[in-house]
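Subject: Handing over the structure

Hello,

Here is the structure I promised to pass on to you. Please open it next to this message, and then read on for what turned up in it.

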Amino acid sequence: QLQLVESGGGLVQPGGSLRLSCVASGRTLVNVDMGWYRQAPGKEREFVAMTRWTWRGYTSDYDDFAKDRFTISRDNAGNATYLEMNSLKPEDTAIYYCNVHVPGPVPVDYWGQGTQVTVSS
């Protein structure tokens, strides 16, 4: 059974930075997408960034709010992903969830337990 464990969340002042990590265990990740979503209080879960598998290697995909401030990366083995977040704003406060998406005729999604990010002075 695939398990995803996030870390790196915390309290940071506006303008600060955080680096989130997500490590997968229990299964070797091959030809899958891996990335991040977030959910703020009272709001629906939203897409943040994703590393998408292609035959030429991984590509990165961002939501508009994350393009200029966040950077997603993935380790060479493909079993971990990282989200570098800079210039954080109070509106970035949310629980950040790691996601693994297995594409195919019957797509499957796996989720981590989430890590809290709070941006406040």
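One definition will help from the start: a residue is called buried when its relative accessible area is under 20%, exposed when that area is over 50%, and partly exposed in between. Please also keep in mind that this is a predicted model.

With that cut-off in hand, take Asp33. Its relative accessibility is 8%, so Asp33 falls among the buried residues. Its salt-bridge partner is Arg52, and the closest N and O atoms of the two are 3.5 Å apart. Asp33 sits in strand 4 (residues 33–39) and Arg52 in strand 5 (residues 46–54), so this pair links parts of the chain that are 19 residues apart in sequence. Unlike buried Asp33, Arg52 is partly exposed, at 28%.

How many salt bridges are there altogether? The count comes to seven. As a reminder of the background, side chains of opposite charge can pair when their charged atoms come close.

Arg38 is a good place to look next. Arg38 forms a salt bridge with Glu46, with 2.6 Å between the closest N and O atoms. Arg38 is buried at 7% relative accessibility, while Glu46 is partly exposed at 32%. Arg38 also pairs with Asp92, where the closest N and O atoms are 2.9 Å apart. Asp92 belongs to the loop between strand 8 (80–85) and strand 9 (94–102), and Arg38 to strand 4, so this salt bridge ties together parts that are 54 residues apart in sequence. Asp92 is buried, with a relative accessibility of 0%. Through shared partners, salt bridges join Arg38, Glu46, Arg69 and Asp92 into one network.

Now for the nonpolar side of the structure. The largest nonpolar core has 28 residues, and Trp36, Leu83, Met85 and Tyr96 are the ones with the most contacts inside it. Strands 3 (18–25), 4, 5, 7 (70–74), 8, 9 and 11 (115–119) each give two or more residues to this core. Which strand supplies the largest share? That is strand 9, with five residues.

Met85 makes a handy starting point if you want to look around this region. Setting aside neighbours within four places in sequence, Met85 is in contact with Gly16, Ser17, Leu18, Leu20, Arg69, Phe70, Tyr96 and Val117. Arg69 thus appears here as well as in the salt-bridge network described above.

There is also one disulfide in the whole structure. For background, a disulfide is a covalent bond between the sulfur atoms of two cysteines. Here the bond joins Cys22 to Cys98, with 2.0 Å from S to S. The link is left-handed, with -85° about the S-S bond. Cys22 lies in strand 3 and Cys98 in strand 9, so the disulfide connects parts that are 76 residues apart in sequence. Are its two ends buried or exposed? Cys22 is buried at 0% relative accessibility, and Cys98 is buried with a relative accessible area of 0%.

Next, have a look at Arg74, which is found in strand 7. Arg74 is buried but has no salt bridge, and the nearest side chain of opposite charge, that of Asp75, is 5.4 Å away. What does the side chain of Arg74 reach instead? One partner is the backbone oxygen of Gly78, at 3.2 Å. Another is the backbone oxygen of Val32, which lies 3.0 Å from a polar atom of the Arg74 side chain. Not counting residues up to four places away in sequence, Arg74 touches Leu29, Val32, Asp33, Met34, Thr51, Tyr58, Ala80 and Thr81. Asp33, from the start of this message, is one of those residues.

Finally, two details of the backbone. Most residues other than glycine have a negative phi. Asn31, however, has a positive phi near 60°. Asn31 is in the loop between strand 3 and strand 4 and is partly exposed, with a relative accessible area of 33%. Ser87 also has a positive phi, of about 50°, although it is not a glycine. Ser87 lies in the loop between strand 8 and strand 9, and at 42% relative accessible area Ser87 is partly exposed.

Enjoy exploring, and write back whenever you like.

Best wishes

Definitions and conventions
Residues are numbered from 1 along each chain as its sequence is written. This is a predicted model: local features need pLDDT of at least 70, side-chain atom pairs count only at pLDDT 80 or more; totals for chains, interfaces and linings use all residues. Side-chain values use heavy atoms; hydrogens and water are left out. A salt bridge is a side-chain nitrogen of Lys or Arg within 4 Å of a carboxyl oxygen of Asp or Glu. Helices (H or I, at least four residues) and strands (E, at least two) are DSSP runs, numbered from the N terminus. Buried means under 20% relative accessible area, exposed over 50%, partly exposed in between (1.4 Å probe, protein chains only). A nonpolar core is a set of buried Ala, Val, Leu, Ile, Met, Phe, Trp, Tyr and Cys residues joined through side-chain atoms within 4.5 Å. Contact means heavy atoms within 4.5 Å. A disulfide is a pair of cysteine sulfur atoms within 2.5 Å. Lys and Arg count as positive and Asp and Glu as negative; His and the chain ends are not counted. A polar contact is a pair of N or O atoms within 3.5 Å; within protein, one must be able to donate a hydrogen and the other to accept it, and residues adjacent in sequence count only if both atoms are side-chain atoms.
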